[in-house]
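Trainee: Could you take one part of this model and walk me through it closely, including how that part relates to the rest of the chain?

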Amino acid sequence: MLTCEPQLSDYMTRPKVEYVQSKRGGRQLVRDGYRYHMKRRNKYGYVTWRCIHRGVCNAYCVVDSDSRLMKDIFLHTCPAKEDS
Ligand SMILES: [Zn+2]
């Protein structure tokens, strides 16, 4: 079982996340106007995304293989809404 994995809430209530194409052609996750880049993917297919403002912002989230939000550490200390 996945008891060691982060659990935000019941599966069906987890919000789906959205992705956008970055200028360089990679994929970024978008949450309320903040952009995240992929940090790592674990063996269950869960992906950790970090705010693109590395070094000044510690916000991150974890998304499962079905693009549902599992963990949301929404602690942005960066300037909001980066223009792409
Ligand atoms: Zn941030």
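Mentor: What follows is a close look at strand β5, its partners on either side, and the loop that comes after it.

The model is a predicted one, and a word on confidence should come before any detail. The mean pLDDT of the chain is 85, with 80% of the residues reaching 70 or more. Among the strands, confidence is highest in β4, at a mean of 97, and lowest in β6, residues 69-73, where the mean is still 92.

To place β5, begin with the overall layout. The chain contains six strands and zero helices, so that reading along the sequence gives the pattern β-β-β-β-β-β. These strands form an open sheet in the order β1-β2-β3-β4-β5-β6, paired in the antiparallel sense. β1, covering 18-21, and β6 are the edge strands, each pairing on one side only. On average, neighbouring strands of the sheet are turned by 35° against each other, with direction ignored. In the order of the sheet, β5 therefore sits between β4 and β6, and strands of a sheet pair through backbone hydrogen bonds, either parallel or antiparallel.

On one side, β5 runs antiparallel to β4, and four bridges join the two strands. Within this pairing, threonine 48 stands opposite valine 62 of β5. On the other side, β5 and β6 are also antiparallel, and they too pair over four bridges. Here three positions of β5 can be followed across to β6: tyrosine 60 has isoleucine 73 as its bridge partner, valine 62 stands opposite lysine 71, and valine 63 is partnered with leucine 69.

Turning from the backbone to the side chains, which residues of β5 point to the buried face, and which to the other? Cys61 and Val63 point to one face and are buried, whereas Tyr60 and Val62 point to the other face and are not buried. The general pattern is that in a regular strand the side chains alternate between the two faces of the sheet.

The two buried residues of β5 lead directly to the largest nonpolar core, because Cys61 and Val63 both belong to that set of nine residues, along with Leu29, Tyr34, Tyr36, Val47, Trp49, Cys51 and Met70. β5 (60-63) is one of the strands that supply at least two residues of this core, the others being β3 (34-41) and β4 (47-51). Of these, β4 gives the most, with three residues. A link from β5 to another part of the core can be seen at leucine 29, which, leaving aside its neighbours within four places in sequence, is in contact with Val63 as well as with Val17, Tyr19, Tyr36 and Trp49. As a setting for these buried positions, 13% of the 84 residues of the chain count as buried.

After β5 the chain turns back, and β5 and β6 form a hairpin with five residues between them. Two serines in this loop deserve separate attention. Serine 65, which lies between β5 and β6, counts as exposed because it has 10 C-beta neighbours inside 10 Å, where the limit for that class is 12 or fewer. Even so, leaving aside neighbours within four places in sequence, serine 65 is in contact with Gly45 and Tyr46. Serine 65 and arginine 41 are 24 residues apart in sequence, while their C-alpha atoms are 9.5 Å apart in space. For the chain as a whole, residues 24 or more positions apart account for 34% of the contacts with a separation of 6 or more.

Serine 67 belongs to the loop between β5 and β6 as well, and is partly exposed because 14 other C-beta atoms lie within 10 Å. Its backbone calls for a check, since serine 67 has a positive phi of about 65° although it is not a glycine. Aspartate 32, placed in the loop between β2 (27-31) and β3, offers another case of this kind, with phi near 50° in a residue other than glycine. Aspartate 32 is exposed, because 8 other C-beta atoms lie within 10 Å.

Methods: Residues are numbered from 1 along each chain as its sequence is written. A nonpolar core is a set of buried Ala, Val, Leu, Ile, Met, Phe, Trp, Tyr and Cys residues joined through C-beta atoms within 7 Å. A residue is buried if 20 or more other C-beta atoms lie within 10 Å of its own, exposed if 12 or fewer, and partly exposed in between; C-beta atoms are placed from the backbone. Two residues are in contact if their C-beta atoms, placed from the backbone, lie within 7 Å. pLDDT is the predictor's confidence in each residue, from 0 to 100. Two strands pair if DSSP finds at least two bridges between them. Axes are lines fitted to C-alpha atoms, for helices over the stretch in contact, and angles run from 0 to 180 degrees between N-to-C directions.
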